[in-house]
Amino acid sequence: MNRSWLYVLTGAFFEVVWVSGLKHSEGPLAWAATILGIYISFHLLIKASRKLPVGTVYAVFTGLGTAGTVLAEWLVFGEPLHFLKVFFILLLLTGVFGLKFVTGDPDKEGAVT
């Protein structure tokens, strides 16, 4: 895994933080953490999209963020998790990993940086 994909994964983690913060923040400190999460996640998304295909990066970023948010809502906040929700998250992750695997490594393909 190259550094750009690490940016995508880290940005998706911070996406889960700020999306959860939008729902659960109370008080200025929690809102400041939410805003910081927004900044970090989009900063890393932009850095990754400079080296990787934008469509693939955005699909992986949002897919992992969506799945992570659903898991965080279930594990941290006690939201119910239904069979169909799990099925569609797995379907989403299958597509995300499929996009990742069919996207070549720009460093190996001699892409211009």
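**Close-up 1. Aromatic pairs, with Trp 18 and Phe 42 in view.** Four aromatic pairs turn up in a search of the whole structure. The model is predicted. Trp 18 and Phe 42 make one of these pairs, and its geometry is tilted. The ring centres are 6.0 Å apart. The planes stand at 35° to each other. Trp 18 belongs to helix 1 (residues 3-24), Phe 42 to helix 2. The two residues are 24 apart in sequence, so the pair counts as a link between distant parts of the chain.

**Close-up 2. Helix 1 against helix 2.** The axes of these two helices come within 8 Å. They cross at roughly 155°. An angle over 145 degrees counts as roughly antiparallel, and helix 1 and helix 2 are therefore roughly antiparallel to each other. Their crossing is left-handed. From helix 1, the contact takes in Ser 4, Tyr 7, Val 8, Thr 10, Gly 11, Phe 14, Glu 15, Trp 18, Gly 21 and Leu 22. Helix 2 answers with Trp 31, Thr 34, Gly 37, Ile 38, Ile 40, Ser 41, Phe 42, Leu 44, Lys 47 and Ala 48. Sorted by class, the contact holds eleven nonpolar, seven polar and two charged residues. Trp 18 and Phe 42, the tilted aromatic pair, both appear in this contact.

**Close-up 3. Helix 2 against helix 3.** Helix 2 spans residues 28-49 and helix 3 spans residues 54-75. Their axes come within 9 Å and cross at roughly 150°. That angle makes helix 2 roughly antiparallel to helix 3. The crossing here is right-handed. Helix 2 contributes Ser 41, Leu 45, Ala 48 and Ser 49. Helix 3 contributes Val 54, Val 57, Tyr 58 and Phe 61. The contact residues divide into six nonpolar and two polar, with no charged residue. Ser 41 and Ala 48 meet helix 3 here; Ser 41 and Ala 48 also meet helix 1.

**Close-up 4. Helix 3 against helix 4.** Helix 4 covers residues 83-102. Helix 3 packs on helix 4 at an angle of about 155°, with the axes 9 Å apart. Helix 3 is thus roughly antiparallel to helix 4. Helix 3 passes helix 4 in a left-handed crossing. On the helix 3 side sit Thr 56, Ala 59, Val 60, Gly 63, Leu 64, Thr 66, Ala 67 and Val 70. They meet Lys 85, Ile 89, Leu 92, Leu 93, Val 96 and Leu 99 in helix 4. The class count is ten nonpolar, three polar and one charged.

**Close-up 5. Spans annotated in UniProt.** The unreviewed UniProt entry lists residues 29-46, 58-77 and 83-102 under "transmembrane region". In the model, residues 58-77 are 90% helix and 0% strand. The end C-alpha atoms of that span lie 26 Å apart. Residues 83-102 are 100% helix and 0% strand. Here the end C-alpha atoms are 29 Å apart. Helix 4 has residues 83-102, and the entry lists 83-102 as well.

**Close-up 6. The chain as a frame for the views above.** The protein chain has four helices and zero strands. Its pattern along the sequence reads α-α-α-α. Taken along the principal axes, the C-alpha atoms fill a box of roughly 45 × 35 × 20 Å.

Key:
Residues are numbered from 1 along each chain as its sequence is written. This is a predicted model: local features need pLDDT of at least 70, side-chain atom pairs count only at pLDDT 80 or more; totals for chains, interfaces and linings use all residues. Side-chain values use heavy atoms; hydrogens and water are left out. Axes are lines fitted to C-alpha atoms, for helices over the stretch in contact, and angles run from 0 to 180 degrees between N-to-C directions. Angles under 35 degrees count as roughly parallel, over 145 as roughly antiparallel, 65 to 115 as roughly perpendicular and the rest as oblique. A crossing is left-handed if the near helix is turned anticlockwise from the far one by less than a right angle, and right-handed if clockwise. Contact means heavy atoms within 4.5 Å. Ala, Val, Leu, Ile, Met, Phe, Trp, Tyr, Cys and Pro count as nonpolar, Asp, Glu, Lys and Arg as charged, and the others, Gly among them, as polar. UniProt positions are given in the numbering used here, feature names are shortened, and annotations may be inferred rather than shown by experiment. Rings of Phe, Tyr and Trp (its six-membered ring) pair if their centres lie within 6.5 Å; planes under 30 degrees apart count as stacked, over 60 as edge-to-face and the rest as tilted.
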